[in-house]
Amino acid sequence: MRPAPLRLLLIASASLSIPLTNAQSLFAQKDEPPLHKTTYYLHGRIYTNDPKQPWAAAMAIRDEKLLCVGTIAQILLECGGAEAENVVQLNERFVMPGFNDAHVHVGGAARDKLSVVLNGATSVADIQKLVKEAAAKRKPGEWILGSGWDQTRWTDQKLPSRLQLDEAAPANPVYLEHVSGHIAVVSSLALKHAEITKDTPDPAGGQIERFPDGEPTGVLKEQPATEMVWQRIPDPSAAERRRGVELVLEELARNGVTSVQDFSEWEDFLVYTNLKEEKKLTVRITEWLPFMLSTDELQNRRAQGGTTDPWLRTGALKGFLDGALGTRTAALLEPYSDDPSTSGIPRTDPEKLRVMAIERDKLGFQLAFHAIGDKANRLALDTFESVARVNPPRDRRERIEHAQVVAPQDMPRFGVLHVVASVQPSHEANDSRWAEQRLGPERSKGAYAWNSLQNAGAKLAFGTDYDVEPVNPLRGLYACVTREAIDGGPAGGWQPQEKLPLQDCIRAYTSGSAYAEFMDGKKGELKVGEFADFVILSRDLTKASPKEFLTTDVLETVVGGRTVYQKN
Ligand SMILES: [Zn+2]
């Protein structure tokens with residue numbers, strides 16, 4: 001029997017909504033690219049992020065892209081005539097463009113995913129159980145890494161030993177870091193890899209704990225001792241990388257992230273490439289390359305990774321101009337307010353940077369500099385200025401990653417030079433507790449200054465620096481509109497003049513991030529011709545309070561018209 005045509009369904013749906021099973025049959029096909037089929041999403045509150053037409057009730061999707069967006073009548077008129085099986089009833093749920101996280105580290109996150117989380121362990125037996133489970137998933141000889149154990153939570157409060165780890169994973173070397181980071185317990189195989197025996201002397205500043213007979217217990221105290229084993233742990237294998245990356249992809253989809261701009265290792269990029277070829281990529285990835293690599297190697301990687309595939313391609317060159325504010329390694333123009341003996345640590349020589357930047361720009365690479373302190377931000381801007389003076393004009397979209405502290409006189413230069421400020425609102429939500437101590441009241445006015453940057457003409461792109469911060473974009477939107485910590489405060493927000501209206505926050509997290517990777521007009525808005533990358537949320541963000549953002553669920557994530565996540 002032929003399914004009823006769309007027109008009939010539309011009429012019917014006014015009084016009768018389609019049973020959920022109908023929608024579910026659609027999702028059952030989620031592994032197949034919905035090529036040459038039109039799918040209709042109807043009766044939604046669709047926030048398009050297109051300033052010309054911010055709201056729609058329906059959209060039609062075909063071949064990964066938006067074919068029609070508008071009212072139900074419009075969809076019927078322009079894209080009508082479809083078959084019933086391709087209709088999804090949104091039931092007035094809130095839809096918006098998928099989040100594009102402009103700054104992530106998928107590879108690092110993947111590594112963390114593979115390690116065993118021991119924070120909840122309340123006994124050695126718990127640890128043994130978790131290690132045993134990890135061993136079951138690995139081949140003999142593969143390392144098991146874990147962290148977070150804390151013997152003060154156990155009844156006997158005794159440190160574990162290698163013998164207990166050997167019992168749980170006799171064929172795998174095991175390295176488990178204490179919650180403090182200062183101690184590790186390792187298995188006998190791990191000690192063997194590091195050639196630690198009863199005859200090995202304690203390293204200076206560290207201790208190899210021993211049984212009464214002098215044999216090591218497996219507990220290593222302080223970094224000089226833990227390092228002896230840590231440095232023997234090999235880089236993850238391709239299979240391990242892939243396993244970790246797959247877990248990260250799941251997390252991204254669960255959080256409504258449909259695009260990421262990533263800085264990981266090249267081996268990770270090769271994993272993404274395999275996943276893409278198998279059509280298993282569930283997020284679009286633009287991969288940065290290390291600025292410091294030779295121009296030959298950069299060109300090789302660009303040729304190998306490509307620059308045009310909307311699912312996976314190489315992008316900007318990432319360079320580091322300073323450290324971080326928390327550790328007082330961000331380069332400031334004046335000393336730290338809470339430590340006048342230092343003004344941070346610049347990481348590059350300005351002249352060398354300038355020469356390298358000009359050379360790489362000439363080859364057509366986009367430049368992205370990590371700059372946190374006002375001195376590093378100035379250096380980035382000076383460098384971009386030199387590049388523009390020496391090389392012919394073009395649409396460069398140079399980026400400053402973080403742009404956390406910017407001197408007031410440097411703000412307008414973002415506009416003049418068309419620089420993208422790639423910032424992480426959730427960093428502000430964390431750092432506001434101590435940033436003012438580091439910077440003092442005056443400099444704090446130019447810190448995490450999203451509104452000032454935007455007013456100065458900077459293009460904003462939002463991200464998280466995942467997995468430094470959780471990847472959940474709703475935390476970022478919350479910080480953007482409140483400038484309060486996730487658990488609240490300071491009341492009214494820190495430096496509240498730098499808050500942005502929700503629509504600007506959303507733009508920075510979608511079309512703004514797309515601009516930063518030269519993909520504006522292709523994604524970031526729910527607009528005809530753009531990729532069908534969107535999320536369905538449990539709340540209408542335009543009606544919810546910022547606190548409610550934090551408990552809003554992603555119900556469904558769609559990338560290129562394909563459902564990659566659906567909440568049960
Ligand atoms: Zn980063």
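**Notebook: zinc site, strands and enclosed space**

I began with burial and noted that His 103 is buried, as is Asp 465. I keep in mind throughout that this is a predicted model.

Entry on the zinc site. I looked up what holds the zinc ion and found that it is coordinated by His 103 through NE2, His 105 through NE2 and Asp 465 through OD, at 2.1 to 2.2 Å. Written along the sequence, the donor residues follow the spacing H-x1-H-x359-D. I then placed two of these donors in the fold: His 103 lies in strand S8 (residues 99–104), while Asp 465 sits in the loop between strand S21 (459–462) and helix H18 (473–482), so the pair ties together parts that are 362 residues apart in sequence.

Entry on Ser 259. I located Ser 259 in strand S15, which covers residues 257–262. Its relative accessibility is 2%, and because buried means under 20%, I recorded Ser 259 as buried. Leaving aside residues up to four places away in sequence, I listed its contacts as Phe 99, Asn 100, Asp 101, Val 283, Arg 284, Glu 517, Lys 523 and Asp 533.

Entry on the cavity. I searched for enclosed space and found one cavity of 30 Å³ or more; the largest cavity holds about 60 Å³ of space. Ser 259 turned up again here, since the lining of the largest cavity includes Ser 259 along with Gly 98, Asn 100, Thr 258, Lys 523 and Asp 533, among others. Sorted by class, that lining has two nonpolar, six polar and two charged residues.

Entry on strand S7. I followed the pairing of strand S7 (residues 94–97) and saw that strand S2 (residues 45–47) pairs with S7 in the parallel sense over two bridges, with Arg 45 standing opposite Phe 94. S7 also pairs with strand S22 (residues 534–537), in the antiparallel sense and over four bridges, and there the bridge partner of Pro 97 is Phe 534 in S22.

Entry on the pocket. I turned last to open space, where the largest pocket has a volume of about 540 Å³. I counted 22 lining residues for the largest pocket, with Arg 111, Ser 115, Leu 145, Trp 230 and Ile 233 lying nearest its centre. The elements that give two or more residues to this lining are helix H4 (106–114), strand S10 (144–149), strand S11 (174–178) and helix H9 (238–254). By class, I noted that the lining of the largest pocket divides into eight nonpolar, six polar and eight charged residues.

Terms used:
Residues numbered from 1 in each chain as written. Predicted model: local features only at pLDDT ≥ 70, side-chain atom pairs only at ≥ 80, totals over all residues. Heavy atoms only, no water. Donors = N, O, S within 2.8 Å, 3.2 Å for Na, K, Ca; no water. Buried < 20%, exposed > 50% of the residue type's maximum accessible area, 1.4 Å probe, protein only. Contact = heavy atoms within 4.5 Å. Pairing = 2+ DSSP bridges. 1 Å grid on protein atoms, 1.4 Å probe; cavity = no way out; pocket = protein on both sides within 12 Å on 5 of 7 lines; lining within 4 Å. Points joined across faces, edges and corners; volume = space filled by probe spheres on them. Nonpolar A, V, L, I, M, F, W, Y, C, P; charged D, E, K, R; others polar.
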